[in-house]
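Biologist: Could you walk me through this model? I have not looked at it before.

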Amino acid sequence: MYISPDLLLWHALPDGADVVRAFFNADRTRRILIYRRKDGTFSYTDQALRFDEYEQSYYWLGKDNELSFYDREESVLRDISRLLEGMTEYCEQEV
């Protein structure tokens, strides 16, 4: 069964953080989110979609990089450019 990671897009971020960019692999089971904290600094999280057999639910698991602080979104993109290879940026569609 396939579940759209878009439904879970905004979960699992530090308190008060806003996603500024989201990238997914082709089958949408891995994502990299670039986010801005309340203090204006940026960071990213690299996560994979997992299924919990016991709970019968999907969740994101991965590296949060809570101790990485970037002053600009462009700095994050430059540092993680290799991680983004083969990934596509997610864009919300306005209705």
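Modeller: We can take confidence, then the aromatic rings, the nonpolar cores and one strand residue.

Modeller: This is a predicted model, in which local features need pLDDT of at least 70 and side-chain atom pairs count only at pLDDT 80 or more, while totals for chains, interfaces and linings use all residues. Residues are numbered from 1 along each chain as its sequence is written, and side-chain values use heavy atoms, with hydrogens and water left out.

Biologist: What pLDDT does the protein average?

Modeller: The average is 82, and 83% of the residues score at least 70, where pLDDT is the predictor's confidence in each residue, from 0 to 100. Among the elements, helix α1 (residues 73–79) has the highest mean, 96, and strand β4 (residues 57–63) the lowest, 81; helices (H or I, at least four residues) and strands (E, at least two) are DSSP runs, numbered from the N terminus.

Biologist: How many aromatic pairs are there?

Modeller: There are three aromatic pairs, meaning rings of Phe, Tyr and Trp (its six-membered ring) with centres within 6.5 Å; planes under 30 degrees apart count as stacked, over 60 as edge-to-face and the rest as tilted. The F24 and Y90 rings are edge-to-face, because their centres are 5.9 Å apart and their planes stand at 70 degrees. F24 is in strand β1 (residues 18–24) and Y90 in the segment after β5 (88–89), so this pair ties together parts 66 residues apart in sequence.

Biologist: And which residues form a cluster with F24?

Modeller: W60 and Y90 form one aromatic cluster with F24. The charged end of R28 also sits over the F24 ring, 4.4 Å from its centre (the criterion is NZ of Lys or CZ of Arg within 6 Å of the ring centre and within 35 degrees of the ring normal).

Biologist: Is F24 buried or exposed?

Modeller: F24 counts as buried, because its relative accessibility is 1%; buried means under 20% relative accessible area, exposed over 50% and partly exposed in between (1.4 Å probe, protein chains only).

Biologist: Switching topic, how many residues has the largest nonpolar core?

Modeller: That core has 11 residues, including F23, I34, F42 and V76, and a nonpolar core is a set of buried Ala, Val, Leu, Ile, Met, Phe, Trp, Tyr and Cys residues joined through side-chain atoms within 4.5 Å. β2 (30–36), β3 and α1 each supply at least two of its residues.

Biologist: Last one, where does R50 lie?

Modeller: R50 lies in strand β3 (residues 42–52), and it counts as partly exposed, at 41% relative accessibility.
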